[in-house]
Amino acid sequence: MKTSRKAIGQILKEKGFITQEQLDNALEQQKMLSARLGDVIIKMGFAHPEQITNCLAEQFDYKVVDPLSIDIPDDVINIATKEIVKKYNIIPIARQNGLLIVATSDPLDIQTQENLRFILNYDIECVLATSDNIENAVKKYYEKEKAFLLGNICNDLKGLALEASRSKHFGTEVLADSESPVVRLVMHIFKEAVKTRTSDIHIEPLSNTIKIRFRIDGVCHDMHTITKNVHEALVCRIKILSNIDITETRKPQDGRISVNVDGKQTDIRVSTIPSTCGESITMRLLDKSSSLIKLKNVGLAERDHNNFKNLLSRPNGIILITGPTGSGKTTTLYAAINEINPKENKIITVEDPIEYDLGGINQCEVKEKAGLTFPKILRSMLRQDPNVIVVGEIRDIETAEIAVSTSLTGHLVLSTLHTNDAPSAITRLTEMGIKPFLISASVNAILAQRLVRVVCPSCKAPQKTKKDTLSDLKLNIKDSEDIEFFYGQGCNYCNNTGYFGRMGIFEFMSLTPELREAIHRKVPTNELRNIAHFEGMTTLKEDGLRLVRAGITTLEELKRISND
């Protein structure tokens, strides 16, 4: 009698990779998407592909391999054509006793296995590998002759650069032809960026070279250094794609690119700025195919999540989300909007720019050149009878004053502010010119946040406590006796960084009567911080230690982003 297999969701939960709440959310999403549960869980960011693969292997009693780490013989590779391996997302890795051993990412696809038996004329034995590892192995073994080698592209560009130097410009046909080396170079950069989960691409001209750097999980990495004489072509191509003036090189410009990279629709925000060695370009990538995160999945501690959720149900007041650039404020803001029922409330946003389309919500984009500024749109919003107003960022006194008066007249206002911690937001508003009594009357809560890198699950290992790191974080060894520390050793999965993905740490300051009274008295920021801590606020460092104790991040990462 056959024993029934455990469901993949149950195995993931038993191994501690996901929670019951995350499983329920994924099952709900699966019904809408009609996709495999493992794919849904990966897309929602609840588990990593290797965790899913390992659980599938346990479920179906398959062996797990990494085809990139195997030296596959040419006679095995030649059994299947490039078209076959790409069509079925498989790669042959060995041949034993008349069997062809094939790596696949989908053990449930019996039809593919039958097709391969017929096409290749071999009995097939399957082993499991992640889809990314199979794709990379296919490129390694089947696309050697057509690989995007940056050096070859740049060599092709040298001839074009020499020709352009004679005619003083690059011809438009060179910048538009899909086979042109400059077009291939830009697409290569985009593909590499998407594959490595890059948030920002930096193209920085130096005296003799161009440095291309990717920001991955909040940290910049040098990716390529290429010859300087391709700089003009590279900049012109990006400007054409982002619909900005290619003749203007002395002023900063902003634009936007929408591009499909390997089936992923990606929006890219482009910013150019003149520097001493030429125009520098920064491009921020936004994956339009990714789903919006829910508030319960942002990473707030249970108590802070419940308090935040309760405040979102209030009819009026201001909730501020603070932190430096790149700290995840916008993601949390969208998660908060997602928590409010648009069927019962009219929600209007003013953003610069609109990063994600929200169904059932009125979104307005700032366009300074057309006279659509934050204050002007906000004033017009009030005539639309909204329940909730979302301001992308409070940048000036005029926007701040409108936000305060709007909250005092019965509207819920959500916005972001650039400050280092929650108590500093009060000081920032005061410095803008908002009276303390208005702040204490209108602001309901301030949520400060940072993003810390998550230890890679594939190369996670125990780590000994380092006294200097503990000292820098103002901790002593006794405080850490009950903590088991982990770190990432570095592997192919995380590009040898030891980290994969990021998670938020938070400082939630709900304005209690004591805090409102202290703000009204204009107490200094340090005293306000002490009162907030006494009233139950968990600091950013304390919340970070929560993740360290859970083995999610490292002390070194907490030290990197700590203000202390």
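Helices, in the sense used here, are DSSP runs of at least four residues, numbered from the N terminus. The structure described below is a predicted model. With that definition in hand, aspartate 24 can be placed in helix 2, which spans residues 20-33. Aspartate 24 has a relative accessible area of 40%, and it is therefore described as partly exposed. Together with Glu21, Glu28 and Glu302, Asp24 forms a negative surface patch. Helix 2 gives the most to this negative patch, contributing three residues.

The surroundings of helix 2 may be considered next. Before it comes a loop between helix 1 (8-14) and helix 2, and lysine 15 lies in that loop. The side chain of lysine 15 meets that of glutamate 58 in a salt bridge, with a distance of 3.1 Å from N to O. Glutamate 58 belongs to helix 4 (residues 49-60), so the pair ties together parts that are 43 residues apart in sequence. Lysine 15 counts as partly exposed, at 42% relative accessibility. Glutamate 58 likewise counts as partly exposed, at 44% relative accessibility.

On the other side of helix 2, arginine 36 is found in the loop between helix 2 and helix 3 (37-43). Arginine 36 is partly exposed, its relative accessible area being 38%. In sequence, arginine 36 and leucine 108 are 72 residues apart, while in space their C-alpha atoms are 9.9 Å apart.

The pairing of charges extends beyond this region. Side chains of opposite charge can pair when their charged atoms come close. The structure holds 23 salt bridges. One network of salt bridges links Arg256, Asp267 and Glu365.

Glutamate 557 deserves separate attention. Glutamate 557 forms a salt bridge with arginine 453, and the closest N and O atoms of this pair are 3.0 Å apart. The pair links distant parts of the chain, for glutamate 557 is in helix 23 (residues 555-561) and arginine 453 is in strand 15 (residues 443-455), 104 residues apart. Are the two partners buried or exposed? The cut-off for a buried residue is under 20% relative accessible area. Glutamate 557, at 1% relative accessibility, therefore counts as buried. Arginine 453, at 13% relative accessibility, counts as buried too.

Glutamate 557 also forms a salt bridge with arginine 560, in which the closest N and O atoms are 2.6 Å apart. These two residues are three residues apart in helix 23 and are therefore separated by about one helical turn. An α-helix has 3.6 residues a turn, so residues three or four places apart point the same way. Arginine 560 counts as partly exposed, at 39% relative accessibility.

Helix 11, which covers residues 181-195, offers a further view of the model. This helix has 15 residues and reaches 21 Å from its first C-alpha to its last, close to the 21 Å expected at 1.5 Å a residue. Which residues of helix 11 are buried? Among them are Pro181, Val182, Val183, Leu185 and Val186. His188, Ile189, Phe190, Glu192 and Ala193 are buried as well. Helix 11 is followed by arginine 197, which has a positive phi near 60°.

Positive phi values are also found in two loops. Asparagine 243, a residue other than glycine, has a positive phi near 60°. Its place is in the loop between helix 12 (231-241) and strand 7 (253-261). Asparagine 243 is exposed, with a relative accessible area of 71%. Aspartate 385 is not a glycine either, yet its phi is positive, at about 55°. Aspartate 385 is placed in the loop between helix 15 (374-381) and strand 13 (388-391). At 61% relative accessibility, aspartate 385 counts as exposed.

The last position to consider is glycine 328. Glycine 328 is found in the loop between strand 10 (317-322) and helix 14 (329-339). At 18% relative accessibility, glycine 328 counts as buried. Glycine 328 and arginine 450 are 122 residues apart along the chain, and their C-alpha atoms are separated by 7.0 Å.

Terms used
Residues are numbered from 1 along each chain as its sequence is written. This is a predicted model: local features need pLDDT of at least 70, side-chain atom pairs count only at pLDDT 80 or more; totals for chains, interfaces and linings use all residues. Side-chain values use heavy atoms; hydrogens and water are left out. Patches are made of residues with over 30% relative accessible area and no salt bridge: like charges are joined within 9 Å, nonpolar side chains (Val, Leu, Ile, Met, Phe, Trp, Tyr) within 5 Å. Accessible areas come from the Shrake-Rupley method with a 1.4 Å probe; for residues, only the protein chains shown count as cover. A salt bridge is a side-chain nitrogen of Lys or Arg within 4 Å of a carboxyl oxygen of Asp or Glu. Lys and Arg count as positive and Asp and Glu as negative; His and the chain ends are not counted. The place of a charge is taken as NZ of Lys, CZ of Arg, CG of Asp or CD of Glu. Buried means under 20% relative accessible area, exposed over 50%, partly exposed in between (1.4 Å probe, protein chains only). The expected span of a helix is 1.5 Å times one less than its number of residues.
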